[in-house]
Protein chains: 2
Amino acid sequence: MRIRAALPRLAALLTAAAAAHAAPAVKPLTPGGILAQAPAADWQAIDPADLLVLDFAGGRRAVIQLAPAFAPVHVANIRALARARFYDGLVIERVQDDYVTQLGDPTGQKPLPKGVVAHPPAEFDRPAPGVRLDLLPYADTYAPEVGFSGGWPTAKGEGRAWLTHCYGMAGVGRDLNPDTGSGAELYAVIGHSPRALDRNIALIGRVLEGMDYLAALPRGPGEQGFYADARMRVPVLHARIAADLPEAQRPRFQLLKADSATYKAWARLKANRQDDFFLHGAGALDLCNALPPLRKSGR
Amino acid sequence: MRIRAALPRLAALLTAAAAAHAAPAVKPLTPGGILAQAPAADWQAIDPADLLVLDFAGGRRAVIQLAPAFAPVHVANIRALARARFYDGLVIERVQDDYVTQLGDPTGQKPLPKGVVAHPPAEFDRPAPGVRLDLLPYADTYAPEVGFSGGWPTAKGEGRAWLTHCYGMAGVGRDLNPDTGSGAELYAVIGHSPRALDRNIALIGRVLEGMDYLAALPRGPGEQGFYADARMRVPVLHARIAADLPEAQRPRFQLLKADSATYKAWARLKANRQDDFFLHGAGALDLCNALPPLRKSGR
């Protein structure tokens, strides 16, 4: 018993190794095991024009995959802002527990570069026809239909389709007026998915790298988590579109295709875990627990 | 425009003040505004026998409300472990992004004190009859019915009722065998709610204070977030049941009663925000976004 107790208890959850330790004869399939067997064709390389690379003081990095299909004007703005070096010198100014980490200009005085649309349209949702969904076959609290469109967590209803506020999704801060989110302020979701924000603010992408950093920053004091004390703020050293970096310096990611056999097997197993740890399969998987896995890739 | 841009953009979300700034004539009701008007009778003081107070190196504290109605043997164990000073000297040994922060004994060698049930029953769910739910009237992905039982996020189905893995809920780590979670290891959920764990592991409470600390700890390297480097581990200085502390030192909390008129108005407004920021009411609220608000209270 004391030897078993030396095992990290919750660790047993995810490791096929631990499962094998208990039942060496039969190795139950795990979600990770399914990914390891995925054929190369089930992975989709991400266009470097769609990757915003943010380097922070202290050698930390965040990489956001942009979603031009859902927020084309906002994404064009973000590319233009990065190319004009607008983000360089901006700071993480807000970390609110169970909600968002937010980047911006606390003074609000930095002028937008030429070519940036100061009042973009409200790209909070779009017409549903034409948006193909790989449906998740489970009920969603917030929308009649949910699934993945080009790998993006997407909901449909009332003739519209929209990206959803899952952990790790990134959006554009705005004022009260819907057209005030130029892209000058960006946020990432760091808590239980605040889906009530869906259709109220432009989501522009998903953080592929750096959530372990963005979500672990000290929470700002006060209700909304702003860093009133300027010493808490973390500067952006430079923000670049990966396509603008020399080839050798570009981060590279692959996303598991949500319409692939591998993804379907992975999601089915996530909904009905068979590892020895699990006594009771959930029989379901919610949208924000089903985001397509990703991996870094070589050149 | 540049003056408006000086406002923190996303900040507009939660402040009635900001809403009032844009529309001084009519002040839209906010969830916070509803709480401010709650009569005292709508708040429920939490029994100090149900509060586990964990003090960490660095002056940080976490307070967990225990759930004896759902996990009586586990909660009795935790009280006994605290009273035997078992947790003192244990460490936070694991922080996995979008998942859990976990406390335990990395060596697994610390003997359980007398009176602690080494192999507690699987208090992962309980018979549904007798569990009164204040139902949330929205679909849930994982269960036929969800709501709050004595303030606890609870799901029902298949004749059973169980606590759910929401952000901030706390559970007992275990090995592969279901009866190996003595209470010697505790975890808190720090990401999007991993509901697939429901009914597979004993939830024993909710973190009422200190999530801003537990969720902001550096993520451990590697797949499961364990701190292999002992220098990353954060010691528990002492863990006590609040009732065992001198009266003047007890932390005190009140939870908004989930069957109160105030809670119902608050949840209805969370599902249908009317602040100026919101263009589109969600029309729904999921269980883990609906946890009853709490407040610290005086003596």
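How many nonpolar, polar and charged residues are there in the lining of the largest cavity? The lining has six of each class, as the table sets out.

| Class | Residues in the lining of the largest cavity |
|---|---|
| nonpolar (Ala, Val, Leu, Ile, Met, Phe, Trp, Tyr, Cys and Pro) | six |
| charged (Asp, Glu, Lys and Arg) | six |
| polar (the others, Gly among them) | six |

This is a predicted model, in which local features need pLDDT of at least 70 and side-chain atom pairs count only at pLDDT 80 or more, while totals for chains, interfaces and linings use all residues. Residues are numbered from 1 along each chain as its sequence is written, chains are lettered from A and ligands numbered from 1 in the order in which they are written, and side-chain values use heavy atoms, with hydrogens and water left out.

The largest cavity has a volume of about 170 Å³, and the residues nearest its centre are T141(A), H192(A), D286(A), T141(B) and D286(B). A cavity here is a set of points on a 1 Å grid over the protein atoms alone where a 1.4 Å probe fits but cannot get out, and lining residues have an atom within 4 Å of a point; the volume is the space filled by probe spheres set on the points, which are joined across faces, edges and corners.

H192(A) is also one of the residues in contact (heavy atoms within 4.5 Å) with S193(B), leaving aside neighbours of S193(B) within four places in sequence. S193(B) counts as buried (under 20% relative accessible area, with a 1.4 Å probe and protein chains only) because its relative accessibility is 1%. A polar atom of the S193(B) side chain lies 3.4 Å from the backbone oxygen of H165(B).

How values were computed
Buried < 20%, exposed > 50% of the residue type's maximum accessible area, 1.4 Å probe, protein only. Polar contact = N/O pair within 3.5 Å; in protein donor to acceptor, adjacent residues only side chain to side chain. 1 Å grid on protein atoms, 1.4 Å probe; cavity = no way out; pocket = protein on both sides within 12 Å on 5 of 7 lines; lining within 4 Å.
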